[in-house]
Amino acid sequence: MSLSKMAPLAWAYYAEEIGGGREDYYATASERPGRFLGRGAEALGLAGVEGTAQAMERLFGQGCDPRGGRALGRGFSPEDERAVAGFALTFSPPKTVSVLLALGSDEVSAGVLGAHEAAVEEAMAFLEVHAAMRATCFQIAAYRTRAPKVEANATTATLKARWHEEAKGFGHAADAWLAGVLGHERVVEGAPGVKALATVVSRLEERSATWGRSDVVEECSRLVTGPDAGGVRRLVEALADEVLRDPEVVSLAAPLPAEAPSSLRRRDQMAQFERHGAVRFATTGTLRREAFVLEAAAEGVAAGIAVVPGGIVEAVLTGDVLADGTLGNDQAAEVRGLLTGGEQVAFLVGPAGAGKSRALEAARRAWSAAGHEVLGLAPSAMAAAVLEEASGIGSETLAKALRDLGQGGSSLAPSSVVVLDEAGMARTDDLARLVEAVKGAGAKLVLVGDSDQLGAVGPGGLLRTLVDDHGAHELETIRRFEHAWEAAASLRLRSRDPSILPAYLANDRMAEGSRTAMLEEAPSAWRAAREEGKDLLVIASACSASSSAERPHRASAQNDGPTRRRRHADRHVWS
């Protein structure tokens, strides 16, 4: 299930495109029209009633009763794009289910569709308990037509027959594999036991430092099976409650100062001033690791480790020893503090473009001149390579360093200085292991990064807390940009200020338009940049978008020299 917010005018898409049958992906002629469902619809006498355009406009466009237009609460303007008129939920079964629906017999297809509808109903029942909503449901098309002009009036039987022939042509005739898919005896799982509880807790601890009940439900739903959707939902709810009662799970919410009277409680018995589902939880293991890192930083404030003599410091900062010239005054001041502070765990922070790498180059020269070995680490291989190139510090990934330290392949000395770049992206468990190794060796650790940038993939978030608790050597002047406006704008963008976006549009740093228009313009923008001798990076968020943008790009680039294409975990890049 995916969820997105609906602006007041979004109802028109559902009423005109989906409800009217003009969007082939959703409602074809053989599908049911939208209908109201749920307890909210029952309270208004709308359960099962078709969602007409007028009803949709009244409910989502004006916040009024779909029948007579009576206001249902605090109103909003249909033109207010900031207003959240509702939420659009899309229930999408796995593609394998769609294949089974398309190629199975009529009986199998009916069973698959019935199971999907039962799952939607139970999901909506779950949301009614935990999200308290009324809903309009549009039947998602069971079949997606590929050529709407030809197939708009095709019957289900016609489409299934054609797909059977296509599957056979690809060597996957339904008769060859359907029996094996459907021939298994159903195994009905009962109430999950201790092993399931431990599995859920372990997965939650692995994915994030803190999490809510909705995250628990998501993990539980991966483990629970049952003979019917209602039974599965009840088992998931029961397992989620057991997880939150587990001794290894800790609630991070403070208890209420006084018991709320019944007059101040909602139907779910929560106090009216408590937000449903807002309580965050963590495991005792995560809290222990966080406490260890925080205590190590506090205990090492006056450790006097890796202190560089003043003569060497001043020679580096005032002499002509840096390849690119002298440091800025703010960089020199923070490098001086970093070299003479003596903290066992020190921090160098600043926004992108503030010159952290250049400051580290100066610090490396001073530490090396004083007899200290400097080792660079980063959460990713790319970040480690950038650190080494920009600062001259020999660097490797944090994962490799921890593996080598754990297996005895390497060790730290009291004279070692470990620099962890992009420290905000380091997982808490990895950071705790690194701090333990540094502390055990009597070495120094310098955490470098920007707590306002990307966080860890997994449990993280400690850098901000460490900086707030102990302070940091902080760089604030932006040096990377050629234009002054862009340096200032980057700080506002970093602070998540959307009002700066018009400046990027006005200076041709952004282009806006529909998805189709952007895919069409990307190749021509790339070609224009190449002709001007500029580098241009085009990033697509999905494989399909990358392929669509890349076809004309490849054709136009055949005679323009080499093109690099890189694939990352969640995006495609060509430059």
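**Exercise 1. The empty space**

Find how many cavities of 30 Å³ or more the rule counts, then work out which residues line the largest cavity.

Step 1. Start with the count: it comes to 1 cavity of 30 Å³ or more. A cavity here is a set of points on a 1 Å grid over the protein atoms alone where a 1.4 Å probe fits but cannot get out. Before going on, keep in mind that this is a predicted model: local features need pLDDT of at least 70, side-chain atom pairs count only at pLDDT 80 or more, and totals for chains, interfaces and linings use all residues. Residues are numbered from 1 along each chain as its sequence is written, and side-chain values use heavy atoms, with hydrogens and water left out.

Step 2. Get the volume. The largest cavity holds about 30 Å³ of space, where a volume is the space filled by probe spheres set on the grid points, and points are joined across faces, edges and corners.

Step 3. Read off the lining (residues with an atom within 4 Å of a point). Ala423, Gly424, Ala426, Leu431, Gly460, Gly461, Leu462 and Leu463 line the largest cavity.

Step 4. Sort the lining residues: 5 are nonpolar, 3 are polar and none is charged. In this scheme Ala, Val, Leu, Ile, Met, Phe, Trp, Tyr, Cys and Pro count as nonpolar, Asp, Glu, Lys and Arg as charged, and the others, Gly among them, as polar.

**Exercise 2. Rings that meet**

Say how many aromatic pairs there are, and decide whether Trp485 and Tyr504 are stacked or edge-to-face.

Step 1. The count is 2 aromatic pairs. Rings of Phe, Tyr and Trp (its six-membered ring) pair if their centres lie within 6.5 Å; planes under 30 degrees apart count as stacked, over 60 as edge-to-face and the rest as tilted.

Step 2. Trp211 and Phe281 make a stacked pair, at 6.1 Å centre to centre with 25 degrees between the planes. This pair links distant parts of the chain, 70 residues apart: Trp211 sits in the loop between α9 (194-207) and α10 (213-221), and Phe281 in strand β6 (residues 281-283). Helices (H or I, at least four residues) and strands (E, at least two) are DSSP runs, numbered from the N terminus. Both Trp211 and Phe281 are buried, meaning under 20% relative accessible area, with exposed over 50% and partly exposed in between (1.4 Å probe, protein chains only).

Step 3. Trp485 and Tyr504 are edge-to-face, at 5.5 Å centre to centre and 75 degrees between the planes. They too link distant parts of the chain, with Trp485 in helix α20 (residues 484-494) and Tyr504 in helix α21 (residues 501-506), 19 residues apart.

Step 4. Check the burial. Trp485 is partly exposed, with a relative accessible area of 25%, whereas Tyr504 is buried at 9%.

**Exercise 3. The parallel sheet**

Work out the strand order of the open sheet of 6 strands, and explain why one side of β9 and of β12 has no neighbour in the sheet.

Step 1. The order is β9-β8-β10-β11-β7-β12, with parallel pairing. Two strands pair if DSSP finds at least two bridges between them.

Step 2. β9 (395-397) and β12 (473-474) stand at the edges with a single partner strand each, so one side of each lacks a neighbour in the sheet.

Step 3. Walk across the sheet. Strand β8 (residues 373-378) pairs with β10 over 5 bridges, and Val374 stands opposite Val417 in β10. β10 is joined to strand β11 (residues 444-449) by 4 bridges; Leu420 has Leu447 in β11 as a bridge partner. Between these two strands the chain crosses through helix α18 (residues 428-441), and this β-α-β crossover is right-handed: with the strands pointing away from the viewer, the path from the first strand over the helix to the second runs clockwise.

Step 4. β7 is joined to β11 by 5 bridges and to β12 by 2 bridges. Leu348 stands opposite Val448 in β11 and opposite His473 in β12.

Step 5. Look at how covered the strands are. In strand β10 (residues 416-420), 5 of the 5 residues are buried, so it is largely enclosed by the rest of the structure. In a regular strand the side chains alternate between the two faces of the sheet. Here Ser416, Val418 and Leu420 point one way from β10, and Val417 and Val419 the other way. β11 is mostly covered as well, with 6 of its 6 residues buried.

Definitions and conventions
On a 1 Å grid over the protein atoms alone, a cavity is a set of points where a 1.4 Å probe fits but cannot get out, and a pocket is an open set with protein on both sides within 12 Å along at least five of seven lines; lining residues have an atom within 4 Å of a point.
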